[in-house]
Amino acid sequence: TKIIGRMGELVVERHVNYILAVEKRNDDFESVVMEHLRVNGAYWGLTTLDILGKIETVNIDEVVSWVMKCQHESGGFGGNIGHDAHVLYTLSAVQILALFDKMNVLDIDKVSNCILYHNEDGSFSGDMWGEVDTRFSYIAMCCLSLLRRLDMINVEKAVKYIVSCKNLDGGFGCTPGAESHAGQIFCCVGALAITGSLHHIDKDLLGWWLCERQVKSGGLNGRPEKLPDVCYSWWVLSSLTMIDRVHWIDKDKLVKFILDCQDTEKGGISDRPDDAVDVFHTYFGVAGLSLLEYPGLKAIDPAYALPVDVVNRIFLGR
Ligand code: GRG
C-alpha cells in the first residue's frame with residue numbers, strides 16, 4: 001500500500017496487526033509467559049502503535065478500565081489483575097494513562113506514595129521487599145515527574161546516589177561498583193536528564209563506550225563481548241541521544257539491522273535476525289527507528305520513553 005511504500009522497508013501494517021493480535025490472544029506461549037507482566041506488554045504494544053500513528057485502532061476506555069483493575073489497594077499497580085504491586089508495573093500503568101491523556105483517573109497522592117521506597121542513601125527499592133537497583137531510581141523519578149510530584153523526594157540525594165554508580169569507563173551499573181550495562185546506563189542517564197543533572201556525565205567518555213556497542217552486523221550489544229540485540233537500539237540510542245552523541249554510530253547500518261529482525265510476513269520484531277518475535281523487541285525496534293528519524297514515525301522522548309507530543313502535553317500543556 002501507499003504507507004508501506006512511503007515507509008520503505010518497515011512493514012507497518014503487519015506490525016500493527018501483530019500487536020493487536022497479541023492483545024487478544026490468551027492461549028499461546030507468548031501470552032502465557034507474558035501473563036505476569038501484561039501491564040508492561042500493554043505499554044510496549046500501545047506505545048508502538050502510537051509511534052506508528054495507529055493508536056486509534058484500540059478502544060481507549062477498554063484499556064483504561066483494564067489498567068485500573070490492575071491497581072492494588074496500596075496504590076501501586078501489579079502486572080495483571082490481582083497481582084502484587086511493583087514500581088515496574090506502576091510506571092507502565094502511568095505511561096499508558098499518559099499516552100491516552102487519562103491521568104486524571106488516578107488518585108495522584110495514592111500512586112505517588114506507593115513509589116516512595118526511597119532509602120537513606122538516596123537509592124530506591126522496587127517494592128516493600130527492598131531490592132535496590134538504579135532501574136528503580138529511574139522508575140521513581142520518571143513516574144513522579146510524570147505525576148508532577150518530584151518534590152516528594154530528596155532529588156539531590158537521589159542524584160548523588162546515581163552518580164555513585166558511575167564507573168571509570170563512563171558507564172553506570174545497578175549499584176555502586178557494579179559493571180556498566182547499557183540498560184542501567186539508560187536508567188541513570190534518563191534519571192539525570194529528568195532532574196536536569198546531565199552535567200554529572202562525561203559525555204565524550206560515555207559516548208565512546210556507548211558507540212563501541214555497535215558490532216559488525218550494525219546491531220548494538222549491551223556490554224563488551226556480548227551479542228547484539230534489538231532492545232539495545234533503545235537502551236544505547238536513547239542514552240546517546242540524551243548526551244548528544246547519537247551521530248557517533250553508523251545509523252544506516254543500525255536501521256538495516258533492525259529491519260532485518262522483522263517478521264515481514266506475520267509482523268513483529270525479534271532480538272536478532274530469524275529469531276522469534278515478541279512485543280518487547282517490536283517496541284524497542286520501532287522506538288529505536290524513531291530515534292534514528294526513520295520516515296513516517298512519531299518522535300519519541302529518550303528520557304520518558306513516550307511520544308514527544310505526549311510529553312509536551314504533560315509539561316507544556318496543549
Ligand atoms: C520505560 C523503557 C522504560 C523502562 C523502564 C525496567 C526499566 C525501566 C529499565 C530496564 C533497563 C535494563 C536493565 C535493560 C536491560 C534488559 C536486558 C535485555 C538485560 C539482559 O541482560 P543479560 O546480561 O544480556 O541477560 P546481555 O545482552 O548483556 O547478554
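Which pocket does the ligand take the space of? I began with this point and found that the ligand occupies the space of the largest pocket. I note at the outset that I am working with a predicted model.

**Entry 1: the fold.** I looked up the secondary structure and found 15 helices and zero strands in the protein chain. I then took the box along the principal axes, which the C-alpha atoms fill at roughly 55 × 45 × 40 Å. I also asked how the radius of gyration fits the chain length. The protein chain has 19 Å, and this agrees with a compact globule, because one of 318 residues would have a radius of gyration near 20 Å.

**Entry 2: the shell around the ligand.** I found 18 residues around the ligand, and G183, Q184, R223, K226 and Y232 come nearest. By class, I recorded eleven nonpolar, four polar and three charged residues in this shell. Which helices each supply at least two residues of the shell? I listed helix 6 (87-99), helix 8 (134-146), helix 10 (182-194) and helix 12 (232-242).

**Entry 3: polar contacts to the ligand.** I looked up the distances from polar side-chain atoms to oxygen atoms of the ligand. For R223, a polar side-chain atom lies 2.5 Å from a ligand oxygen atom. For Y232, the corresponding distance from a polar side-chain atom to a ligand oxygen atom is 2.7 Å. For H181, I noted a polar side-chain atom at 3.5 Å from an oxygen atom of the ligand. I then looked up the cover: on its own the ligand has 760 Å² of accessible area, and the protein covers 72% of this. R223 and Y232 thus appear in my notes both among the residues that come nearest and with a polar side-chain atom at 2.5 Å and 2.7 Å, respectively, from a ligand oxygen atom.

**Entry 4: backbone angles.** Where does R148 lie? I placed R148 in the loop between helix 8 and helix 9 (155-163). Its phi is near 60°, a positive value in a residue other than glycine. I placed E225 in the loop between helix 11 (203-211) and helix 12. E225 is not a glycine either, yet its phi is positive at about 70°. I recorded these angles because most residues other than glycine have a negative phi. I add that helix 8, which precedes the loop of R148, and helix 12, which follows the loop of E225, each supply at least two residues of the ligand shell.

Technical notes: Residues numbered from 1 in each chain as written. Predicted model: local features only at pLDDT ≥ 70, side-chain atom pairs only at ≥ 80, totals over all residues. Heavy atoms only, no water. Near = heavy atom within 4 Å. Polar contact = N/O pair within 3.5 Å; in protein donor to acceptor, adjacent residues only side chain to side chain. Areas by Shrake-Rupley, 256 points an atom, 1.4 Å probe, with all protein chains shown as cover. 1 Å grid on protein atoms, 1.4 Å probe; cavity = no way out; pocket = protein on both sides within 12 Å on 5 of 7 lines; lining within 4 Å. Sits in = over half its atoms within 2 Å of the grid points. Helix = DSSP H or I, 4+ residues; strand = E, 2+ residues; numbered from the N terminus. Nonpolar A, V, L, I, M, F, W, Y, C, P; charged D, E, K, R; others polar. Rg over C-alpha atoms; globule rule 2.2 N^0.38 Å.
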